[in-house]
Amino acid sequence: MARRCYPGTQHLGDVTEADPIAMAALLRARGRVSRVLVVGGFPCQGLSALNVQRRSREDLRSQLVFPFHQLYLDLKKELPEARVDLLAENAASMDAGVCM
């Protein structure tokens, strides 16, 4: 959907393989960087109240929140000249220990 609605968007692949140094260079190559918004949603099956067999943080899919948050922290470090914000989406039943 993002490719269809925002055809100029660059999709950079798997968050677990993200390279914040390369991403910062890519952003700077486009000109002055003043603001970056890191947006993502990660699988909620392990956290969702609708899944009676949920395993919470033990579910490998639920652990994708951690590299996502690390990418945000790394981009903040790599782009000190920019305001870097994070927008994450997940299930309402997510426990407070996982929220960033």
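Leu87 sits in strand β2, which covers residues 83-89. Keep in mind that this is a predicted model. With 48% relative accessibility, Leu87 counts as partly exposed, because that label runs up to 50%. Together with Leu37 and Val39, Leu87 makes a nonpolar surface patch of about 300 Å².

Now for the pocket. The largest one holds about 930 Å³ of space. It has 30 lining residues, and those closest to its centre are Gln10, Leu12, Met23, Leu37 and Val39. Three elements give two or more residues each to this lining: α2 (20-29), β1 (35-41) and α3 (65-78). Strand β1 supplies the largest share, with seven residues. Sorted by class, the lining has 18 nonpolar, eight polar and four charged residues.

On to the charges: the count of salt bridges comes to three.

| Salt bridge | N to O distance |
|---|---|
| Arg28 and Glu81 | 2.9 Å |
| Arg35 and Asp85 | 2.9 Å |
| Arg83 and Asp85 | 2.9 Å |

Arg35, Arg83 and Asp85 form one network, joined by salt bridges that share partners. Within it, Arg35 lies in strand β1 and Asp85 in strand β2, so this pair ties together parts 50 residues apart in sequence. Arg35 itself is exposed, at 54% relative accessible area.

What about Arg28 and Glu81? That pair links distant parts of the chain, 53 residues apart, with Arg28 in helix α2 and Glu81 in the loop between α3 and β2. Arg28 is partly exposed at 37% relative accessibility, and Glu81 is partly exposed at 41%.

Definitions and conventions:
Residues numbered from 1 in each chain as written. Predicted model: local features only at pLDDT ≥ 70, side-chain atom pairs only at ≥ 80, totals over all residues. Heavy atoms only, no water. 1 Å grid on protein atoms, 1.4 Å probe; cavity = no way out; pocket = protein on both sides within 12 Å on 5 of 7 lines; lining within 4 Å. Points joined across faces, edges and corners; volume = space filled by probe spheres on them. Helix = DSSP H or I, 4+ residues; strand = E, 2+ residues; numbered from the N terminus. Nonpolar A, V, L, I, M, F, W, Y, C, P; charged D, E, K, R; others polar. Patch = residues over 30% accessible without salt bridge, like charges linked within 9 Å, V, L, I, M, F, W, Y side chains within 5 Å. Areas by Shrake-Rupley, 256 points an atom, 1.4 Å probe, with all protein chains shown as cover. Salt bridge = Lys/Arg side-chain N within 4 Å of Asp/Glu carboxyl O. Buried < 20%, exposed > 50% of the residue type's maximum accessible area, 1.4 Å probe, protein only.
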